[in-house]
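User: I would like to learn how to read this structure. Can we go through it feature by feature?

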There are 2 protein chains.
Amino acid sequence: MKVDGTQYRSIWFDHDANDVKIIDQRWLPHEFKIVALESLEEFAVAIQEMWVRGAPLIGATAAYGMAMQMARDPNDRSIDETWSYLEKTRPTAINLRWALNRCRDALCKIPPESRAEAALNLAHEIADEDVETNRRIGLNGLEIIKKIAAGKTAGDPVRLLTHCNAGWLATVDWGTATSPMYHAQESGIPLHVWVDETRPRNQGALTSWELGSHGISHKYIVDNAGGHLMQHGLVDAVIVGTDRTTASGDVCNKIGTYLKALAAHDNGVPFYVALPSSTIDWTVHNGVDEIPIEERNEDEVTHIMGKTDNGSVANIQVSPDGTPGGNPAFDVTPRRLVTGLITERGVCEASAEALARMFPENAN
Amino acid sequence: MKVDGTQYRSIWFDHDANDVKIIDQRWLPHEFKIVALESLEEFAVAIQEMWVRGAPLIGATAAYGMAMQMARDPNDRSIDETWSYLEKTRPTAINLRWALNRCRDALCKIPPESRAEAALNLAHEIADEDVETNRRIGLNGLEIIKKIAAGKTAGDPVRLLTHCNAGWLATVDWGTATSPMYHAQESGIPLHVWVDETRPRNQGALTSWELGSHGISHKYIVDNAGGHLMQHGLVDAVIVGTDRTTASGDVCNKIGTYLKALAAHDNGVPFYVALPSSTIDWTVHNGVDEIPIEERNEDEVTHIMGKTDNGSVANIQVSPDGTPGGNPAFDVTPRRLVTGLITERGVCEASAEALARMFPENAN
C-alpha cells in the first residue's frame, strides 16, 4: 500500500543491489526505515527480533532467506540446514514452516545448479500469491461490511474493531484483517476503526499508521477499552488476523484476542477472523490444548518504545525496578466464539466441517 | 504500609507544617515524592490530575480539602462552594461525593467558629475509618484465600490476578483488593500475584511496587494476558477493587475489568470484588445503563510514562503522529460475572438481595 504517495510492499527483491529489502518495522510508526538483508543470520535476526512480523510476511521472508542462501550454497545439506536454522526463529508461526517446507520440497527435486534461480522465483511466487490471497480475503470481507452498511442510515460509518496488526505490514501487501477495510474504503463505504493498542509491542500503532496513511478514520484505544465499547453498541464487528488456525477453527493470535472474542460474544457483536488458508494447521484440532504458546522476553512487557519530545525513539521502563514480567505472546480463541473465518475462498463458519468443505484438498 | 522500612499512609495531616501531605503518585513507581497541599486549588488539582487516585483516598483527600478551607472561611456559603468545587473534579468517583456530603451535613449543623476544628477531626475520622474498613476487608478476603490454599499441595502458591491499583496507595492504608493479599502474606500463605499493567496510566506498576516493597511474589503482565493465563489454569482467583458498585451488585471499575471478569467466567475462575460499602451507590441499579463513564484526555492513551536509561522519568508518544486516541476510563462488570463482593462486613453475592441483607440500613 502507499506511504507518502509511493506504493510499497513490505518485502521485495532489489535486483540492482542483489539483496532483499524490508521495512524495519521496529521503528514504525515513528520512523520509516528500509534495510537490506543478505546473510542467513540477518534473515534469522529479522524474523526473531521482529524487524518483520505477521505470519504471511514471516513466510515470505523465510522464502527469500532460503533463496539468498541457495545462491551461496545450493547443496542438499544447505537446504536442510537453512530450513532448521530459520524454522526455530518463531516457533508459533505456522507460515514460517509452511514456506520453508514448500521451498525444501521444491528445491530438493531439482539439480543444485538450478536451485538459486528456482528459489528466488519461488520466493517471488510466495510473495505474489500472498498479495493475491489477501486481495481475495478483502473482497470476501467486503461483502460482510456491505451487509452491515446496508442496515445503517446512509452516511453512518461501519464501526470495526481490530487487534494487533494484521495489516499490509504483516503481509506482503493488503493485509488480512485490514484488506476488507481497504476494500470498503475504496468502495466508498464510510468506516471507523477502533484500533487496539496491542501491548506488548504496540502493533496497534502500526495499524493506526497504516490506516492513517490511507485516510481511514480510526481511533487508537487501549486493549482494555473494547469490552466497554461493545457493551455500549459502538462496535458493529470485530475483524482480526491469526497466526495459526486449527483444522477445527480455533484461532491462535496475538495475546488478548481471546478477551475481545469473549466481549464480542457477550454483546452479540460478530467476531470475524481473516486468514489465508496457509495459516491453517490441519494437524491440530484443539487449539488451547495443543498449540505451544511462545513466552517472549520480559523486556517487551516491562519496557515500551515511543517517541520523546525531541522526536527521538526511546525505550522506557514502565514497571518498577526489580519487578519481573510475564510475556505469553499469543492466546487461543476457541471456535465457539468465532462468527466466521474470512478466507481467500470465501467466508465459512469456524468448524472442522466448514473448513473441510472449503479446503477439501487439505482436510484429513 | 511500608516504604523502605518506614510506615506510611497515603495521606496525612502534618501538624508541624499545618498542611496536608500526600504521596504524589504520578511519579511512582519510579520516584517517591511527598508533596504538601494547602489551597483548595491544590486539592482540586491533586484529585483531578490524579496525584492521588483510588476511590477511598479521593474521599479522604476531599475531606482534608474541606477541612483546610474551613480554617480559612467557615461560612455556610464556603461549605457549599467547596463542595461544588471539589465534587466536579472526578465525576465517576462515588466516594468523592460521599465524603463531601458527610462533611457538609456535619458542618452545617455546627456554628462557623467550631467548623475548622470539627472539619479536621472529621477528615481524620474518615481516614481512620478507611484504614479500619480495609483491615476488615482484608480479614474477610483472607478466608477466601485460606480456602483456596487448603485445596492445594502445601507450599504451592495461591495465584491471584488483579487489575489496576486497589492497593494501599488507592486508599489511606491496606488497600481494598490488596488487603486480603497483605493479610495472607502475614498469615504465611504462599502467594503469587499476576498484576495487570492496566493501561492507560499503568496503575499496575503501582501495585507491583507495593507488592514488591512488601515482599509478595508477583509478575507484571500486559492487560491482554489474563485470559490466556486463566485458560491454562494459572489463576486461582481474581480480586479487583471498584470505584462504584450499584445497589444490585454491578461493578464500575477501571477500564478492562469487564474483560477479566468475562475470562474468569469462561474458565470457572472465581471473580471477587473488594469494596468498602462507601463505594456502593444505592440509587443506581443498572450499572451499564446508568453509570456515566468518564472520557479522559486522549494523551493518556497516546502517551505513556516511564523511566529512561539515564533514570529520568519521561512521557513518550506510542501512537503515530496525528492518530486520535479514545479514552473511556472505566467499564461496568455486570453482577452475573461477579462471584462475590468482599466488604468490611463480610463476603456476599453480587445481588440486590444480598447487599440489602448485608447493609439493611442503606437499602431501599
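Analyst: We take the sheet, the smaller strand pairings, the backbone and the interface in turn; the model is a predicted one.

User: In what order do the strands of the open sheet in chain A stand, and what is the pairing?

Analyst: A sheet is read from one edge to the other. Here seven strands of chain A form an open sheet with mixed pairing, in the order β8-β7-β6-β9-β12-β17-β18. At its edges are β8 (218-221) and β18 (347-348) of chain A; each has a single partner strand, so one side of each has no neighbour in the sheet.

User: In which sense do β9 and β12 of chain A pair, and over how many bridges?

Analyst: Strand β9 of chain A, residues 237-240, pairs with strand β12 of chain A, residues 271-274, in the parallel sense, over three bridges. To follow the pairing residue by residue, start at A:Val238, whose bridge partner in β12(A) is A:Phe271. When you look at the side chains, recall that in a regular strand they alternate between the two faces of the sheet.

User: Which strands does helix α9 of chain A lie across?

Analyst: Helix α9 of chain A, residues 257-266, lies across β6 (158-162), β7 (191-196), β9 and β12 of chain A. The helix runs at about 145° to β12(A).

User: How do strands β10 and β11 of chain A run, and how many bridges join them?

Analyst: They run antiparallel, and two bridges join β10 (residues 244-246) to β11 (residues 251-254) in chain A. A:Thr245 is opposite A:Val251 in β11(A). The hairpin of β10(A) and β11(A) has four residues between the strands, and A:Gly249 has a positive phi near 100° in that hairpin.

β11(A) also pairs with β16(A), in the antiparallel sense over four bridges. There A:Val251 has A:Thr333 of β16(A) opposite to it. A:Val251 thus appears in the pairing with A:Thr245 and in the pairing with A:Thr333.

User: Where is there a cis peptide bond in chain A?

Analyst: The general idea comes first: most peptide bonds are trans, and most residues other than glycine have a negative phi. In chain A, the bond between A:Leu28 and A:Pro29 is cis, with omega about 5°. A:Pro29 is in the loop between β4 (19-23) and β5 (34-37) of chain A. In chain B, a cis peptide bond joins B:Leu28 and B:Pro29, again with omega about 5°, and B:Pro29 lies in the loop between β4 and β5 of chain B.

User: What is the phi of A:Trp174?

Analyst: The phi of A:Trp174 is near 70°, which is positive in a residue other than glycine. A:Trp174 is in the loop between β6 and α6 (179-186) of chain A.

User: How many residues of chain A are in contact with chain B?

Analyst: An interface can be read by residues, by area and by polar pairs. By residues, 59 of chain A are in contact with 59 of chain B. By area, about 4,700 Å² is buried between the two chains, and carbon and sulfur atoms give 61% of that. In chain A, A:Tyr220, A:Asn224 and A:Leu259 lose the most area to chain B, together 15% of what that side buries.

User: How many salt bridges are there across the interface?

Analyst: Six salt bridges are found between chain A and chain B. The side chains of A:Glu197 and B:Arg199 form a salt bridge, at 2.6 Å from N to O. The count of residue pairs in polar contact between the chains is 29. Among the elements of chain A, α9(A) gives the most to the side that touches chain B, with six residues. That side has 27 nonpolar, 21 polar and 11 charged residues.

Note on methods:
Residues numbered from 1 in each chain as written. Chains lettered and ligands numbered in written order. Predicted model: local features only at pLDDT ≥ 70, side-chain atom pairs only at ≥ 80, totals over all residues. Heavy atoms only, no water. Pairing = 2+ DSSP bridges. Contact = heavy atoms within 4.5 Å. Axes fitted to C-alpha atoms, helices over the stretch in contact; angles between N-to-C directions. Buried area = accessible area lost by both parts, 1.4 Å probe. Salt bridge = Lys/Arg side-chain N within 4 Å of Asp/Glu carboxyl O. Polar contact = N/O pair within 3.5 Å; in protein donor to acceptor, adjacent residues only side chain to side chain. Nonpolar A, V, L, I, M, F, W, Y, C, P; charged D, E, K, R; others polar.
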